[in-house]
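Reader: I would like to learn how to read the packing of helices and strands in a model. Could you take me through it step by step?

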Amino acid sequence: MRLKRRDAARSGYDLPLATDPTGRFLAWIMALMVYLGALALAGALLVSDMTGRWDNGLSGGLTVQIMPPASTAGTDTRPAAALAFLRAYPGVQSAEALAPEQAARLVEPWLGAETAGSSLLPLPTLIDVRTAPGTDTADLTRRLKAVVPAATVDDHGTWLADMRRLARSLQGAALAVVGLVSLAGVMTVVFAVRSGLAIHRHVVQMLHLMGATDRYVSQQFEAHVLRLAARGGATGLGAAVLTLVLFGWASGGLRATLMPDFTLAVWEWAALAVLPLVLCLLAVVTARRTVLRTLEDLP
């Protein structure tokens, strides 16, 4: 008993909460919760950034493809005819044919530099088209095929709509993980506080006899939980930041322009820093409500 009193005095509590076996792992559990929540939140932010890049780069875009002619004799006039039609079509803001070197760079990641640049591999003519909002793509495709039957039109809007749905699903899953992590943190705090009350029930009763109120006892648990949650939150946030930095370094060599670069803006880093603060506040509120409700049921 003398040892417990000495520990309580050293920690600043009237209750020897620092010696509780249930509280020893609370900081580590909170660190794990913050780590998983921060990574999930960072994933949601990265997906949001990637979706914005898709909208800016692909919205209103079309790609017209004209396969190489079967015979190499003569000059292929189909690309020029397609360009003339596209530039004259209402709603088309720009239409530019890609140079053979640009088309080769598009397939280079899959075929290799030597194969993509070889004259033995015929590449189609690609035309990058930008259209105004509301342009009738179906009518444009139908009229283009009447001029150049071999032309095919790839509407980026259709692909972009599918990717938007995928991005929203990923964001929803990431936010669900954050919610589940918060719920797990609340349940952990409830278990730790109730266990602490059960262990130190005789000390709580003694404090009541000495005139201590339930709110005073609650403050003891709140301060204890806040200290452990803050320590675990700082550890988990530090581990999450280190993980994101390593991902950013590892993804630095990716040349796929549609892939996320694992770099966050300043406000996004600030949002990650707020996460452990929110969990600490949630832990304190949970500890207060748990203590007060439990003490109300005690005789």
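Reader: Which strands does helix H7 (residues 156-199) lie across, and at what angle does this helix run to E4?

Author: Bear in mind that this is a predicted model. Helix H7 lies across E1 and E4, and its course makes about 30° with E4.

Reader: How are the strands of the sheet ordered, and in what sense do they pair?

Author: The sheet is an open one of four strands, which follow one another as E2-E3-E1-E4 with antiparallel pairing. Because E2 and strand E4 (151-155) stand at the edges and have a single partner strand each, one side of each lacks a neighbour in the sheet. From one strand to the next the twist averages 20°. Within this arrangement, E1 and E4 are joined in the antiparallel sense over five bridges, and Ile66 has Ala151 in E4 as its bridge partner.

Reader: Where does H3 pack on this sheet?

Author: H3 touches E1, E2 and E3, and its direction makes about 165° with that of E2.

Reader: Which residues of H3 are buried, and why do they line one face of the helix?

Author: The general idea is that an α-helix has 3.6 residues a turn, so residues three or four places apart point the same way. In H3 the buried residues, those under 20% relative accessible area, are Pro79, Ala82, Leu83, Phe85 and Leu86. Seen down the axis of H3, these buried residues fall within an arc of 165°, and therefore they line one face of the helix. Turned away from that buried side is a face of H3 which carries the exposed residues Ala80 and Ala88.

Reader: What do the buried residues of H3 pack against?

Author: They pack against strand E1 (61-66), strand E2 (92-97) and strand E3 (125-131), and also against H6.

Reader: How do H3 and H6 cross, and which residues make the contact?

Author: The axes of helix H3 (residues 78-88) and helix H6 (residues 137-147) come within 10 Å and cross at roughly 145°, and the crossing is right-handed. From H3 the contact draws on Ala81, Ala82, Phe85 and Leu86, while H6 supplies Leu140, Arg143, Leu144 and Val147. By character, the residues of this contact divide into seven nonpolar, no polar and one charged.

Reader: How many helices and strands does the protein have, and what share of its residues is buried?

Author: The secondary structure comes to 10 helices and four strands, and buried residues make up 36% of the 299 residues in the protein.

Note on methods. Residues are numbered from 1 along each chain as its sequence is written. This is a predicted model: local features need pLDDT of at least 70, side-chain atom pairs count only at pLDDT 80 or more; totals for chains, interfaces and linings use all residues. Side-chain values use heavy atoms; hydrogens and water are left out. Axes are lines fitted to C-alpha atoms, for helices over the stretch in contact, and angles run from 0 to 180 degrees between N-to-C directions. Helices (H or I, at least four residues) and strands (E, at least two) are DSSP runs, numbered from the N terminus. A crossing is left-handed if the near helix is turned anticlockwise from the far one by less than a right angle, and right-handed if clockwise. Contact means heavy atoms within 4.5 Å. Ala, Val, Leu, Ile, Met, Phe, Trp, Tyr, Cys and Pro count as nonpolar, Asp, Glu, Lys and Arg as charged, and the others, Gly among them, as polar. Buried means under 20% relative accessible area, exposed over 50%, partly exposed in between (1.4 Å probe, protein chains only). The arc is that of the directions from the helix axis to the C-beta atoms. Two strands pair if DSSP finds at least two bridges between them.
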